[in-house]
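Trainee: I should like to go through the terms used for this model and ask what each of them rests on.
Mentor: Please do; the structure is shown here.
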Amino acid sequence: MTVSLPALSSLPVDADEPERARHYEAVLAYIDALLEGETDWIAAMATVACALHHAFDYYHWTGFYRAVSDDLLIVGPYQGTHGCLRIPFSRGVCGAAARTRQTQLVPDVHQFPDHIACSSTTQSEIVVPVLTPEGRLLAVLDVDSDEPAAFNATDQHYLEQLCAALGRRFAHTTQR
Ligand code: SME
């Protein structure tokens with residue numbers, strides 16, 4: 001089903017908190033409308049990565065790493081420059097999110113032990129796990145920024161809300 005929705009504006013990194021929260025509310029509603037009736041997990045990841053990437057000035061790499069086994073992530077749909085293809089749970093910010101099932105909010109990637117630099121321009125990063133209600137890890141949502149300390153509690157709150165909704169919606173997917 002094709003959905004023609006008006007494009008959202010792109011939020012600058014120095015927007016104040018109420019504006020950032022309002023924008024996330026609009027982006028999540030936009031993604032919900034785009035995904036209405038969609039049952040394909042890969043199509044959903046591609047659509048979410050695209051919608052997020054174009055809605056925030058400070059999102060420079062936006063995408064998913066899929067949990068293809070209990071210790072390996074492989075890149076899924078993404079927007080931005082090329083991303084590393086495979087990340088073991090033992091490595092990087094993505095591996096830490098997969099291993100701990102916890103969001104990793106990193107204000108300065110140069111201070112994060114074993115950060116994997118797919119791009120030399122990345123300054124800050126946030127990685128959120130996508131978990132089903134039963135606790136199965138489907139993927140992690142990874143966002144990089146060339147801005148230092150670009151992500152805060154508001155970004156974390158709404159990205160966790162989005163990933164929880166994806167985990168509920170695709171809890172039964174067999175796609176990995
Ligand atoms: N920086 C990530 C690797 C993926 S790139 O950001 C796309 C990490 O340390 O896990």
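The dialogue below takes up the sheet, the helices and several single residues of a predicted model.

Trainee: What makes the strands S3-S2-S1-S6-S5-S4 an open sheet, and which of them stand at the edges?
Mentor: The order of the 6 strands is S3-S2-S1-S6-S5-S4, and their pairing is antiparallel. S3 and S4 stand at the edges because each has a single partner strand, so one side of each is left without a neighbour in the sheet. From one strand to the next, the twist averages 20 degrees.

Trainee: How do you know that S5 and S6 are paired?
Mentor: Two strands pair if there are at least two bridges between them. S5 and S6 are joined by 8 bridges and run antiparallel, so the criterion of at least two is met. Among the partners, proline 129 is bridged to valine 140 in S6, and serine 124 is bridged to serine 145. Glutamate 125 stands opposite aspartate 144 in S6.

Trainee: How many bridges join S1 to S6, and how many join S4 to S5?
Mentor: S1 is joined to S6 by 6 bridges, and S4 is joined to S5 by 3 bridges. With at least two required, S1 and S6 count as paired, and S4 and S5 count as paired too. Both pairs run antiparallel. Threonine 62 stands opposite valine 143 in S6, while leucine 105 has isoleucine 126 in S5 as its bridge partner.

Trainee: What lies between S5 and S6 in their hairpin?
Mentor: There are 5 residues between S5 and S6. In the turn, glycine 135 has a positive phi of about 95 degrees.

Trainee: Why is S5 called largely enclosed?
Mentor: A residue is buried when its relative accessible area is under 20%. In S5, 7 of the 8 residues are buried, so the strand is largely enclosed by the rest of the structure. S6 is mostly covered, with 9 of its 9 residues buried.

Trainee: Which residues of helix H3 are buried, and what do they pack against?
Mentor: Helix H3, residues 92-100, is mostly covered, as 7 of its 9 residues are buried. The buried residues are Gly92, Val93, Cys94, Gly95, Ala96, Ala97 and Ala98. These residues pack against S1, S2, S3, S4, S5 and S6.

Trainee: Where does H2 lie on the sheet?
Mentor: H2 lies across S1, S2, S5 and S6, and runs at about 155 degrees to S1. H3 packs on the sheet as well, and its direction makes about 30 degrees with that of S5.

Trainee: Why are H2 and H4 called roughly antiparallel?
Mentor: The angle between helix H2 (residues 41-53) and helix H4 (residues 153-169) is about 165 degrees, and their axes are 12 Å apart. Angles over 145 degrees count as roughly antiparallel, and H2 and H4 are therefore described in that way. The crossing of H2 past H4 is right-handed.

Trainee: Which residues form the contact of H2 with H4?
Mentor: Trp41, Val48 and Leu52 in H2 meet Leu159, Leu162 and Leu166 in H4. The residues of this contact comprise 6 nonpolar, no polar and no charged.

Trainee: What makes the phi of arginine 101 noteworthy?
Mentor: Most residues other than glycine have a negative phi. Arginine 101 is not a glycine, yet its phi is positive, at about 60 degrees. Arginine 101 follows H3 and is found in the loop between H3 and S4.

Trainee: Where is aspartate 114, and what is its phi?
Mentor: Aspartate 114 is in the loop between S4 and S5. Its phi is near 65 degrees, a positive value in a residue other than glycine.

Trainee: Why is aspartate 14 called exposed, whereas arginine 101 and aspartate 114 are called partly exposed?
Mentor: Exposed means over 50% relative accessible area, buried means under 20%, and partly exposed lies in between. Aspartate 14 is at 65% and therefore counts as exposed. Arginine 101, at 35%, counts as partly exposed, and so does aspartate 114, at 37%.

Trainee: How far apart are aspartate 14 and alanine 150 in sequence and in space?
Mentor: Aspartate 14 and alanine 150 are 136 residues apart in sequence and 8.8 Å apart in space, C-alpha to C-alpha. Aspartate 14 is placed in the segment before helix H1.

Key: Residues numbered from 1 in each chain as written. Predicted model: local features only at pLDDT ≥ 70, side-chain atom pairs only at ≥ 80, totals over all residues. Heavy atoms only, no water. Buried < 20%, exposed > 50% of the residue type's maximum accessible area, 1.4 Å probe, protein only. Helix = DSSP H or I, 4+ residues; strand = E, 2+ residues; numbered from the N terminus. Contact = heavy atoms within 4.5 Å. Axes fitted to C-alpha atoms, helices over the stretch in contact; angles between N-to-C directions. Parallel < 35°, antiparallel > 145°, perpendicular 65-115°, else oblique. Left-handed = near helix turned anticlockwise from the far one by under 90°. Nonpolar A, V, L, I, M, F, W, Y, C, P; charged D, E, K, R; others polar.
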